[in-house]
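The exercises below ask the reader to work from the coordinates towards a description of the fold and of the ligand site. Each task is followed by a solution in steps.

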Amino acid sequence: MTDFSLTDLETIIADRASVTDGSSYTAKLSEKGVSHVAKKLGEEAVETVIALVSEDEKRVVSESADLIYHLLVALRLRGVPMSDILAELGRRTTMTGLEEKASRPGDPTS
Ligand SMILES: N=c1c2ncn([C@@H]3O[C@H](COP(=O)(O)OP(=O)(O)OP(=O)(O)O)[C@@H](O)[C@H]3O)c2ncn1[C@@H]1O[C@H](COP(=O)(O)O)[C@@H](O)[C@H]1O
């Protein structure tokens with residue numbers, strides 16, 4: 001159990017993204033731009049899927065952490081704060097998943 005949160009990680013990523021002394025992976029990744037980070041995110045997603053279906057729990061945890069870290073770096077490059085994601089997830093707790101799906105614009109089942 002830890003009280004470390006995704007908002008804490010968002011703050012660390014924001015701090016490290018502007019480091020210029022070569023010590024930060026976040027900075028090196030961020031300077032390649034959102035398209036590169038989005039591609040990395042896709043790779044991490046595939047690695048997470050592989051871990052989920054065929055690897056042990058330690059690998060699932062490790063690949064999931066890589067995935068979430070790269071998502072946060074991509075969100076920062078797009079200027080989307082974690083608070084917006086948490087607010088959206090919070091909004092969705094007021095309804096079931098099926099109700100939320102039906103409320104989406106253009107959803108053929110709505
Ligand atoms: N949570 C993470 C985190 N998760 C994964 N990674 C890095 O993501 C990379 C994923 O490995 P890959 O093999 O897919 O990528 P790679 O081959 O190293 O890189 P590419 O050449 O493919 O771009 C590794 O270098 C990991 O270390 C992370 N790097 C940083 N953080 C957090 O960000 C903080 C700041 O890190 P720096 O920016 O490096 O100071 C750290 O203290 C952590 O809290």
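**Exercise 1. Classify the residues of the shell around the ligand by character, then list them and assign them to helices.**

Solution. The shell divides into six nonpolar, two polar and three charged residues, where Ala, Val, Leu, Ile, Met, Phe, Trp, Tyr, Cys and Pro count as nonpolar, Asp, Glu, Lys and Arg as charged, and the others, Gly among them, as polar. The model is a predicted one, in which local features need pLDDT of at least 70 and side-chain atom pairs count only at pLDDT 80 or more, while totals for chains, interfaces and linings use all residues. Residues are numbered from 1 along each chain as its sequence is written.

Next, list the members: the residues around the ligand are Ile 12, Ile 13, Arg 16, Ser 24, Tyr 25, Thr 26, Ala 27, Lys 40, Ala 65, Asp 66 and Tyr 69, a residue being near a molecule if its C-beta atom, placed from the backbone, lies within 6 Å of it. Finally, α1 (6-16), α2 (25-30) and α4 (57-78) each supply at least two residues of this shell; helices are DSSP runs of H or I with at least four residues, strands are runs of E with at least two, and both are numbered from the N terminus.

**Exercise 2. Is Glu 44 buried, partly exposed or exposed, and which residues does it touch?**

Solution. Begin with the location of Glu 44, which is in helix α3 (residues 34-54). Glu 44 counts as partly exposed because it has 19 C-beta neighbours inside 10 Å, whereas a buried residue has 20 or more other C-beta atoms within 10 Å of its own and an exposed one 12 or fewer, with C-beta atoms placed from the backbone. Leaving aside residues up to four places away in sequence, Glu 44 touches Glu 63, Asp 66, Leu 67 and His 70, contact meaning C-beta atoms, placed from the backbone, within 7 Å. Of these partners, Asp 66 is also one of the residues around the ligand. Tyr 25, by comparison, lies 19 residues from Glu 44 in sequence and 15 Å from it in space, C-alpha to C-alpha.

**Exercise 3. Which residues make up the largest nonpolar core, and which elements give two or more of them?**

Solution. The core has eight residues, Ile 13, Leu 29, Val 37, Leu 41, Tyr 69, Leu 72, Val 73 and Ala 74, such a core being a set of buried Ala, Val, Leu, Ile, Met, Phe, Trp, Tyr and Cys residues joined through C-beta atoms within 7 Å. Two or more residues come from each of α3 and α4, and α4 gives the most, with four. The chain as a whole has six helices and zero strands.

How values were computed:
Near = placed C-beta within 6 Å. Contact = placed C-beta atoms within 7 Å.
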